[in-house]
Amino acid sequence: MKQAHKHMGRAIYLMIGLVCLLAGFIGIFLPLLPTTPFVLLAAYCFSRSSETLHQKLLSHKLFGPIIDEWEQHGVIPLKVKCFSSTMMLVMVSYPLIFREFDLWLKMLAVAVVIVALVYVWSRPSVPATEVVTVKSK
């Protein structure tokens, strides 16, 4: 019975990981879906369900270093913060300024971007060990 629960749990993590990876991919093109958090969540889910997919993400040229920093230290590098913030603001600003939408939709878009920006910027940019080393010099 425990074996069946273990397989079911792995299948659920695998499905969630695939959905998150898809959402992260879509987030490259849609400003309301930030890519990095979805890719990080996909990596977590794959670490629980499929070592092969987890290793593929870790070896990815763009996402591998970001995932590794996150898994090892809970860090989102400053370059990633700046790039993702710029992309979110640029991609959301155009439709807000130049397109006609209901006010509540515009407010929802702004709220989602603010929440995403707060989360991204609330994470450390460098591992805690590097901060201690820099401060002690």
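**Thr35 and its surroundings**

Me: Thr35 first: buried or exposed?
Reply: Buried, because its relative accessibility is 15% and the cut-off for buried is under 20%. Bear in mind that this is a predicted model.

Me: Which element is Thr35 in?
Reply: Thr35 belongs to helix H2, which covers residues 35-49.

Me: And what does the side chain of Thr35 reach?
Reply: The backbone oxygen of Gly27, at 3.5 Å.

Me: OK, which residues does Thr35 touch, leaving out those up to four places away in sequence?
Reply: Gly24, Gly27, Ile28 and Phe63.

Me: Where does Ile28 lie?
Reply: Ile28 is in the loop that links helix H1 (2-27) and H2.

Me: How does Ile28 count for burial, and why?
Reply: Ile28 counts as partly exposed, because its relative accessibility is 42%. Ile28 also helps make a nonpolar surface patch of about 580 Å².

Me: Which other residues make that patch with Ile28?
Reply: Leu22, Phe25, Ile26, Phe29 and Leu30.

Me: Switching to the whole chain: how many helices and strands?
Reply: The protein chain has 7 helices and 0 strands.

Me: How much of the protein chain is buried?
Reply: Of its 137 residues, 28% are buried.

Me: What area does the protein chain expose, and what do carbon and sulfur supply?
Reply: About 9,500 Å² is exposed, with carbon and sulfur atoms supplying 72% of it.

Me: Last one: among contacts with a separation of 6 or more, what share comes from residues 24 or more positions apart?
Reply: In the protein chain, those residues account for 64% of such contacts.

Notes: Residues are numbered from 1 along each chain as its sequence is written. This is a predicted model: local features need pLDDT of at least 70, side-chain atom pairs count only at pLDDT 80 or more; totals for chains, interfaces and linings use all residues. Side-chain values use heavy atoms; hydrogens and water are left out. Helices (H or I, at least four residues) and strands (E, at least two) are DSSP runs, numbered from the N terminus. Buried means under 20% relative accessible area, exposed over 50%, partly exposed in between (1.4 Å probe, protein chains only). A polar contact is a pair of N or O atoms within 3.5 Å; within protein, one must be able to donate a hydrogen and the other to accept it, and residues adjacent in sequence count only if both atoms are side-chain atoms. Contact means heavy atoms within 4.5 Å. Patches are made of residues with over 30% relative accessible area and no salt bridge: like charges are joined within 9 Å, nonpolar side chains (Val, Leu, Ile, Met, Phe, Trp, Tyr) within 5 Å. Accessible areas come from the Shrake-Rupley method with a 1.4 Å probe; for residues, only the protein chains shown count as cover. A salt bridge is a side-chain nitrogen of Lys or Arg within 4 Å of a carboxyl oxygen of Asp or Glu.
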